[in-house]
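Please read these notes with the model open beside them. They are numbered so that each can be checked in turn.

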Amino acid sequence: MGERIAVIPASVLRNLSDKLYEKRKNAALEGGLIGLAAATVGLTSEAAHHLEQIVPPVLKAFTDQDSRVRFYACEALYNIAKVVREDCIVFFNDIFNVLCKLAADSDTDVQSAAHLLDRLVKDIVTESDQFSIEEFIPLLRERMNVLNPFVRQFLVGWITVLDSVPDIDMLGFLPDFLDGLFNMLSDSSHEIRQQADSALSEFLQEIKNSPSVDYSRMAEILVQRASSPDEFTRLTAITWINDFVKLGGDQLVPYYADILGAILPCISDTEEKIRAVARETNEELRGIKSERTEGFDVGAMVSIARRQLYSEWERTRIEALLWLLFLLNRYRTEVLYFLNDIFEALLEVLSDPSDEVVLLVIEVLACVAKDQQHFQHLVASLLRIFQFDNSLLKKRGFLIIRRLCVLLNAEKVFRQLSNILQGEVDLEFASLMVQALNLILLTSSEVSELRRLLKDSLVMPSGKDFFVSLYASWSHSPMSVISLCLLAQNYQHASMVIQSLVEEDINVKLLDQLDKLINLLETPVFAYLRLQLLEPARYVWLLKTLYGLLMLLPQQSAAFKILKTQLKTVPSFSFSNECYSSQGACYTQCGTNTPEDGNTEKETADNQKLDFTSILQQFERIQSKHRVLAKDQRVLCKTPASLLKDVQRADDSHISSKPDKVIHLSRSTERAMGKLLI
């Protein structure tokens, strides 16, 4: 595009441009453009009045398939723009369209010519006060999502140039092309990524320094980009979100839920930088105090947190639970309005493999259950889950119940569980659940106060009431009732429960529970009981209970040996009417003036208020139901052939008069037989 000196009148240029329309062959068209390009060097100011006749033919030539035609069109338009300067602004959008296409031209000469023209047009725009940014932005927005790298460089170049002009407010229109800039961050070209990042960094700095920014529209874009598969895009987006949360104020309140939805997954990102920024943003968001009247949507926040409970990443699930806990503590009424949406999800997450997640779920559920209505619903729901998911009861049941006892009142939890289990129609589940609760009661430090309460059941109304509240449901398991009586020091009743057991009750399940109880008797929980054995005359029924348990155990079992060894350490005692010391001296007449189990007369008087006969009948009624169930199950499990063998064995037993030989089975044999029978 060399300089030419000739000065051509505007009328001649008009004639040249008109003839461009008439040319049909490329050679002629090239000649016309060459002539026009040469002639425009000599344009005077008069030419500005004829631009509408001069420029359109040149612009049309840019679409020609011949690269030489496009090249000379660039030269012609360059010369025109150089002469008329800002007068060509009226054609700016058309010129911009042409330049955008030429940026990706296949001919390098055309590209070079287009670059020269582009620089000239930029100079003209930056100096002009007639340029309309409002008209240009829609044009820019349409082209921001193109994939061609040359076009992307062209667009970023224009954004940067226009942003540098003080009189042009590019920041106000940033939401219109922000998404396109973020799109370029994942470009395969390092140069384009760098240019887009540089432009975004400049805009972010302007946002920090600007008193008025439209955060809302940009927040929507950032939330979407925070989930981009490209790591650099995610980092940039979460960094912007972090600054927006700090700067946005009330404008961002309606978008808190969307922002939270973007933050929570990033907390578990594979890139440490992203995780760090996401954690910081999360804390910033949680520290903002907002009211529902300000547009804060509690329901949307709850919905986002609930959705993230199913995240594959543990850290995200933990943060989602912390948000639910936070929202419950600050906006309890509003959150409980959406309780149905989150309650089932929380119960499902109790099966989470992470202990930390499960503990947080329990904490959230306990927070919900502060109200009596929700407390009852929670306990009932937990029992239903344990019933239908036996593995959860085995893996998490102890953890869940113990934690609830800490967060809620332990006595209240046990009373409610017992109250529901008392009327449970699924007898097998009721028995299994009672055994689990009983083991917690005997071993867990979280319920030590309950054990102390039960120890006072003979002298304190509160202890007696708690004993009675547990007894009905504990009756689903004989060993649990016996354990409860031992804790409550109701030794006489424990002995009577043992005596009430019938042949059908003595099975492998019961012996297995008995085995566990004997081992528990050696723990510190029952230290008081072992010390009471030092006074056999005072604790007659305790001895009878322990000997009763001993008689139930197979002699070859380890539990039998443990209990037998323990009883050998007891001072010599006779179950006749006389009690002896280890030296043989007479203590007293048992059953005369000494109250049962060493209680004082006042304690015995209080004890009379507890109707042991009635509760024993209650125990026997429940056990009778269990026997009927076990019998029905055995019948259902038997085949016709096995029933025929039972009949034959019954006939043989009538014929034979020999007494059955007593065989002491090993524990392994007992277990094997029990599995066959039960």
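1. K412 is placed over the face of F375, 4.5 Å from the ring centre. A second case is K544, whose charged end sits over the ring of W541 at 4.6 Å from its centre. The criterion is NZ of Lys or CZ of Arg within 6 Å of the ring centre and within 35 degrees of the ring normal.

2. This is a predicted model, in which local features need pLDDT of at least 70 and side-chain atom pairs count only at pLDDT 80 or more, while totals for chains, interfaces and linings use all residues. Residues are numbered from 1 along each chain as its sequence is written, and side-chain values use heavy atoms, with hydrogens and water left out.

3. Rings of Phe, Tyr and Trp (its six-membered ring) pair if their centres lie within 6.5 Å; planes under 30 degrees apart are stacked, over 60 edge-to-face, and the rest tilted. The count by this rule is 23 aromatic pairs. One of them is F92 with F131, edge-to-face, with 5.0 Å between centres and 90° between planes. This pair links distant parts of the chain, 39 residues apart: F92 belongs to helix α5 (residues 92-102), and F131 to the loop between α6 (108-127) and α7 (133-143).

4. Are F92 and F131 buried or exposed? Buried means under 20% relative accessible area, exposed over 50%, and partly exposed in between (1.4 Å probe, protein chains only). F92 has 5% relative accessibility and so counts as buried; F131, at 12%, is buried as well. Both belong to one aromatic cluster with F96, F136, F154 and W158.

5. L162 is in helix α8 (residues 149-163) and is buried at 0% relative accessibility. Contact here means heavy atoms within 4.5 Å. Neighbours within four places in sequence aside, L162 contacts V125, F131, I133, F136, I168 and M170. T126 is 36 residues from L162 in sequence, with 7.1 Å between their C-alpha atoms.

6. On the chain as a whole, there are 35 helices and two strands (DSSP runs numbered from the N terminus: helices H or I, at least four residues; strands E, at least two). Buried residues make up 50% of the 678 residues. Of the contacts with a separation of 6 or more, 72% are between residues 24 or more positions apart.

7. UniProt, in an unreviewed entry, lists residues 54-89 as "repeat: HEAT"; such annotations may be inferred rather than shown by experiment. In the model, residues 54-89 are 72% helix and 0% strand, with the end C-alpha atoms 14 Å apart.
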